[in-house]
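Subject: The structure I promised you

Hi,

Here is the structure I said I'd pass on, sequence included. Have it open while you read, and my notes on what turned up in it follow below.

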Amino acid sequence: MKQVLIVNSALALPPGKMAAQVAHASIAAFLIADDGNRKQWLEVGMPKIVLDGGTEVQIRQLLRQAQEAGVPAYLVRDAGRTVVPEGTVTCLGIGPAPVQQIDAITGALGLLR
């Protein structure tokens, strides 16, 4: 079990803003996952990885793939109160779900640097 958080790195968000967006994605994706996956993920220590998603277009494609695979996914759109305009796609949370399901969608992505 794991969760991945995919960041729109094209935005070059300040570290604090990025941390907040990743937190939104993690919690929201967790809440829409089924009870069994949530429980298993909590029991194994809540493993999560933050990945570089590139652009909004690439992130939306990953969202479609997750939805087609039946993996919980949540797309974060900013409220527009600070750094980026309202509606800007900042992050995508996928999982918690079995590692194999998530890797089939995100395995080609690199870690966020």
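One term before we start: a residue is called buried when its relative accessible area is under 20%, exposed when that value is over 50%, and partly exposed in between. Arg60, for instance, has a relative accessible area of 28%, so it is partly exposed. Also keep in mind that this is a predicted model.

Arg60 is a good place to begin, as it forms a salt bridge with Glu56, and their closest N and O atoms are 2.8 Å apart. Glu56 is partly exposed as well, at 31%. Both residues sit in helix α3, and because they are four residues apart there, about one helical turn separates them. The general rule behind this is that an α-helix has 3.6 residues a turn, so residues three or four places apart point the same way.

How many salt bridges are there? The count comes to five. Here are two others, one of them between Lys2 and Asp103, with 2.6 Å from N to O. This pair links distant parts of the chain, since Lys2 is in strand β1 and Asp103 in helix α4, 101 residues apart. Is Lys2 buried or exposed? With a relative accessibility of 12%, Lys2 counts as buried. Asp103, at 33%, counts as partly exposed. Lys2 has plenty of neighbours too: leaving out residues up to four places away in sequence, the ones it touches include Trp41, Pro47, Ile49 and Ile102.

The other one joins Asp78 and Lys17, again with 2.6 Å from N to O. Asp78 lies in the loop between β3 and β4, while Lys17 belongs to helix α1, so this salt bridge ties together parts that are 61 residues apart in sequence. Asp78 is buried, with a relative accessible area of 6%, and Lys17 also counts as buried, at 15%.

Now for helix α2, which covers residues 35-43. Which of its residues are buried? They are Asn37, Arg38 and Trp41. These three cover an arc of only 100 degrees around the axis, which puts them on the same side of α2. Turn to the other side of α2 and you'll find Asp35, Lys39 and Glu43 exposed. What covers the buried residues of α2 includes strands β1 (2-7), β2 (48-52) and β4 (89-97), along with helix α1 (15-32).

Have a look at both ends of α2 as well. At its start, a side-chain oxygen of Asp34 comes to within 3.1 Å of the backbone nitrogen of Gly36. Just after the helix, Gly45 takes a positive phi of about 95 degrees.

Helix α4 (residues 99-106) can be read in a similar way. Its residues Ile102, Ile105 and Thr106 are buried. Their arc around the axis is only 80 degrees, which means they are on the same side of α4. Gln100 and Ala104 are exposed, on the face turned away from that buried side. What do the buried residues of α4 pack against? They pack against β1, β2, α3 and β4.

Next, the surface. Ile27, Leu31, Ile32 and Tyr74 form a nonpolar patch there, with about 410 Å² of accessible area together. Where does the largest share of this patch come from? It comes from α1, which supplies three residues. Tyr74, on the other hand, lies in strand β3 (residues 73-77). Tyr74 is partly exposed, with a relative accessible area of 37%.

Last stop: Gly54, in the loop between β2 and α3 (56-69). At 16% relative accessibility, Gly54 counts as buried. Leaving aside residues up to four places away in sequence, Gly54 touches Val7, Asn8, Ser9 and Ala10. If you want a distance to try out in your viewer, pick the C-alpha atoms of Gly54 and Ala19: these are separated by 17 Å, with the two residues 35 apart along the chain.

That's the tour. Write back if you get stuck anywhere.

Cheers

Key:
Residues numbered from 1 in each chain as written. Predicted model: local features only at pLDDT ≥ 70, side-chain atom pairs only at ≥ 80, totals over all residues. Heavy atoms only, no water. Buried < 20%, exposed > 50% of the residue type's maximum accessible area, 1.4 Å probe, protein only. Helix = DSSP H or I, 4+ residues; strand = E, 2+ residues; numbered from the N terminus. Arc of directions from axis to C-beta. Contact = heavy atoms within 4.5 Å. Polar contact = N/O pair within 3.5 Å; in protein donor to acceptor, adjacent residues only side chain to side chain. Patch = residues over 30% accessible without salt bridge, like charges linked within 9 Å, V, L, I, M, F, W, Y side chains within 5 Å. Areas by Shrake-Rupley, 256 points an atom, 1.4 Å probe, with all protein chains shown as cover. Salt bridge = Lys/Arg side-chain N within 4 Å of Asp/Glu carboxyl O.
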